[in-house]
Amino acid sequence: MFPLKFIIVGGGILGSSLYHLLKEAGHEVKVFDSGKRRVFPTLIHSLLLKGRDVELAKESLDFYRRVGVPMRELPSITLGHVPQDLITLWEGVGVKVEEKHVEWLRARGLYAKGGDRLVSIAHLIHSTPHVKAEVSVDPETFTLRANGREVKGDVIVIAAGAWNPQTVPVSSKSYYCWATLALFGTSEVGSHIIYDYEKGFYSRPLLGFGGNLAIVGDGDVIESPPGRRICVNSADVLSRVRERLGRLAPLYTAGEFCEGTPDMRPAFGKLKENVYYVGGLNGYGAEVGPGIAKLLVDFILKGEENKEYSLSRFNGLRDFRLGREPHEI
Ligand SMILES: Cc1cc2nc3c(=O)[nH]c(=O)nc-3n(C[C@H](O)[C@H](O)[C@H](O)COP(=O)(O)OP(=O)(O)OC[C@H]3O[C@@H](n4cnc5c(N)ncnc54)[C@H](O)[C@@H]3O)c2cc1C
């Protein structure tokens, strides 16, 4: 039957990517989003990942270019030991890597060009048509209701991010992650991304136009159901950032909920005949999200299953502890 009518629950990075990919393939797509998740203007897209994730990040980058999502390329500096096989992997996807002393950091680091970008995720999400509605899913029959009315489609995809484990029975959990916008004494923070594995933080410009503003965080995982009010103590992270970058004035701290799987890597799979799940993007959804969406589309339309990211690898496991985010080295 062509075209198929797809219903997507969740209009975040995954839901929006699925919309474009399925439209490109000629299908009808309706995205439902409750609007309960805060959308950050830009997120980091980095090719400096590990294993097969690098290919997904490359696929995501191609997607952003094709769909016209605004991006700003920035050099990055990685502090801490990086194994040679990773450097070789990154060079293989066109990243120029050089080890050198960075004067304003008073440290030797890996200076990379062509590997990191700020991506206007807000543009991707806000330019994707969606119906504003909270969708409920019957756990037995997988019947969907939006604002009390039944929703029907040929294929249903659940892509509700941190709300996935509350919506359908899957091997994932939600957690809180935060970052602080700060004013720095150095303007270099406005034009570089820093991954500091020695002090344990990352720093990224607000928008990438230069200046003294940067967002810092440590990607720590605070397990919690989505929506709960979480109070964070940023003092420890900020003191580590000060040790590296000098004086700073914190301006604003914000966070959101992410979704993690037992091995903290993304997953997709079939839940029932025509119902699919995709999620577990944890702290690197802008990096691999469109790539994972593409794997799911190939699975649904062509029957090609990539075992590495298949939900079946967890065997229905629900009792587990979340680990470290896999984009960290
Ligand atoms: C502080 C912070 C910084 C981050 N920085 C980066 C970064 O720099 N780079 C990066 O790659 N990633 C980053 N991330 C992670 C990134 O935000 C996530 O990986 C990504 O948003 C996950 O995308 P998603 O589409 O799976 O879920 P989401 O973006 O959460 O989208 C899910 C959507 O589903 C909707 N929804 C939920 N339940 C329902 C329902 N029942 N009915 C209808 N709609 C529903 C929600 O409203 C939401 O819009 C960061 C996260 C945080 C918290």
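A polar side-chain atom of E134 is placed 3.3 Å from a nitrogen atom of the ligand in this predicted model, a polar contact being a pair of N or O atoms within 3.5 Å, where contacts within protein further require that one atom can donate a hydrogen and the other accept it, and where residues adjacent in sequence count only if both atoms are side-chain atoms. Polar backbone atoms also approach the ligand: that of I13 lies 3.0 Å from a ligand oxygen atom, and that of L14 lies 2.9 Å from a ligand oxygen atom. The protein covers 95% of the 1,000 Å² of accessible area that the ligand has on its own, as computed by the Shrake-Rupley method with a 1.4 Å probe.

The surroundings of the ligand comprise 33 residues, of which D33, R37, I44, N282 and A286 come nearest, a residue being counted if one of its heavy atoms lies within 4 Å. This shell divides into 18 nonpolar, nine polar and six charged residues, with Gly placed among the polar ones and Asp, Glu, Lys and Arg counted as charged. At least two shell residues each are supplied by α1 (13-24), β2 (28-33), β3 (43-46), β12 (173-184), β17 (248-260) and α7 (285-302), and α7 gives the most, with three; helices (H or I, at least four residues) and strands (E, at least two) are DSSP runs numbered from the N terminus.

An unreviewed UniProt entry lists residues 140-298 as "domain: FAD dependent oxidoreductase", an annotation that may be inferred rather than shown by experiment. Over residues 140-298 the chain is 18% helix and 39% strand, with the end C-alpha atoms 27 Å apart.

Residues are numbered from 1 along each chain as its sequence is written, and side-chain values use heavy atoms, with hydrogens and water left out. Because the model is predicted, local features need pLDDT of at least 70 and side-chain atom pairs count only at pLDDT 80 or more, whereas totals for chains, interfaces and linings use all residues.
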